[in-house]
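Trainee: I would like to go through this model with you, one question at a time. Could we begin once the sequence and structure are on the screen?

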Amino acid sequence: MIKVAINGYGTIGKRVADAVAKQPDMEVVGVSKTSVSAEAFVAKKRGYPLYIADIGKKAAFEKAGLDVAGDVEAMLKAADIVVDATPGGVGEKNRPVYERLGKKAIYQGGEEHEVAGFSFNAHVNYKEAEGHQFARIVSCNSTGLVRIISAMDQAFGVDRVRAVMVRRASDPGDVKRGPVDATVLNPATIPSHHGPDVNTVLPDVNIVTLAMIVPTTFMHMHAIQMDLKKETTREEVLKVFENHSRIGLVRKATGIKSNAQLREYAQDLGRPRADVWENGVFEESVSVLGGKEFYCFQAIHQEADVIPENIDCIRALMGTVKDPEESIRMTNKALGFVAIR
Ligand code: NAD
């Protein structure tokens, strides 16, 4: 069993912990928090040993009825690998301690590529991960883009990608962020940083991205256009998506045309936390004009799509499963993940 520590038990960390706990070849040796919060009580209920960043706060945790197993360093010592899901920028500060203890670490998209020196996507560069001490899972938007671009590139060749990201304002539990009544160009300059982030995994792709933020909490929406090298048809593209292990087709027959309806659908399907781990490509939107011009809309659940990537990255860095397809199958099966279609 691979012993996994989760440093930072928030939006991403709590999902990674539950996904690790479900895998047949991994166990959660601890999760860490900075302060007493609802999530710390969830960790206790799940039976995850709770460690804290500042051991000086131990008394406050214990007063609240939360047992503290030790400080973060003690958690790291008990682990083979750590998933760092602390807020952007904190992971970089944690790097020296991972180096000192000789622990492998997986960072999230809030860190710069340079912090790990290797950015990961299971479908693209799983085999290159072995031997690295550090890896970084690209952001939720970039993960969604990398999946669909690499799938299209493999099938038809991609000349160039142009994409507009309509981004959620905040995560549902984050009451401090907005906007609540505005569409904010973010950034107003073009291109946005998402294209270069995609290039950390797919260096040869010609991509330009634009981004804005809207008042919603569930999912980003991408409007994507790609120029293809090989002529194809809408039907051929749909076949590629149907056969992809992390792309789901939101069928026209469901009548779903929004993030809100997709969340309701995921909830009704019994997905934990209504998580949509796959790219939700709207079947109706899939279009090929003149043989080589591809268009679609896809929904990307910001809290969820990076979770299975973290799980595959654990196996890839540890070198325990050599074949990416095998790891992806194991991850999906353990999560009970049957793609929406
Ligand atoms: P979050 O704020 O929800 O959770 C971060 C957790 O880390 C909190 O529980 C906090 O208590 C804890 N923490 C803070 N400082 C710490 C420290 N020094 N040591 C240990 N724990 C500490 O953040 P999040 O949204 O889960 O984001 C985590 C990372 O994942 C960021 O890099 C972010 O960019 C990336 N990411 C977030 C999303 C998203 O939609 N939320 C999507 C993809 C990637």
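Trainee: Which residue of β5 does I6 stand opposite?

Mentor: This is a predicted model, in which local features need pLDDT of at least 70, side-chain atom pairs count only at pLDDT 80 or more, and totals for chains, interfaces and linings use all residues. Residues are numbered from 1 along each chain as its sequence is written, and side-chain values use heavy atoms, with hydrogens and water left out. Strands are DSSP runs of E with at least two residues, helices are runs of H or I with at least four, and both are numbered from the N terminus. Strand β1 and strand β5 (residues 81–84) pair in the parallel sense over four bridges, and in β5 the residue opposite I6 is V83.

Trainee: On the β2 side, what is the bridge partner of A5?

Mentor: Two strands count as paired if DSSP finds at least two bridges between them, and β1 (residues 2–7) is joined to β2 (residues 26–33) by six bridges in the parallel sense. One of the β2 partners is M26, which is matched with I2. For A5, the bridge partner in β2 is G30.

Trainee: How many residues of β1 are buried?

Mentor: Buried means under 20% relative accessible area, exposed means over 50%, and partly exposed lies in between, with a 1.4 Å probe and protein chains only. By that criterion β1 is mostly covered, and of its six residues the number buried is five.

Trainee: Which strands stand at the edges of the sheet, and why is one side of each left without a neighbour?

Mentor: The sheet is open, has eight strands with parallel pairing, and follows the order β4-β3-β2-β1-β5-β6-β8-β7. Each edge strand has a single partner strand, so one of its sides has no neighbour in the sheet, and the two strands in question are β4 (70–71) and β7 (119–120).

Trainee: What is the distance, N to O, in the salt bridge of E73 and K77?

Mentor: A salt bridge here is a side-chain nitrogen of Lys or Arg within 4 Å of a carboxyl oxygen of Asp or Glu. Both residues lie in helix α4 (residues 72–77), four residues apart, about one turn of the helix. E73 is partly exposed at 24% relative accessible area, whereas K77 is exposed at 54%. Their side chains meet with an N to O distance of 3.8 Å.

Trainee: Are R168 and D171 buried or exposed?

Mentor: These two residues form a salt bridge, in which the closest N and O atoms are 2.9 Å apart. As for their surroundings, R168 and D171 are both buried.

Trainee: How many salt bridges does a search of the whole structure find?

Mentor: Another of these contacts joins the side chains of E242 and R251 at 2.9 Å, N to O. Salt bridges that share partners also join D25, R147, R246, E309, D312 and R315 into one network. Over the whole structure, the search finds 27.

Trainee: Which elements give two or more residues to the shell around the ligand?

Mentor: The ligand is surrounded by 21 residues (each with a heavy atom within 4 Å), and the closest are T11, I12, K33, T34 and D171. Among the polar contacts (pairs of N or O atoms within 3.5 Å), a backbone N or O atom of I12 lies 2.9 Å from a ligand oxygen, while an N or O atom in the side chain of D171 is 2.6 Å from a ligand nitrogen. The protein covers 79% of the 830 Å² of accessible area that the ligand has on its own, and the elements asked for are α1 and β2.

Note on methods
Polar contact = N/O pair within 3.5 Å; in protein donor to acceptor, adjacent residues only side chain to side chain. Areas by Shrake-Rupley, 256 points an atom, 1.4 Å probe, with all protein chains shown as cover.
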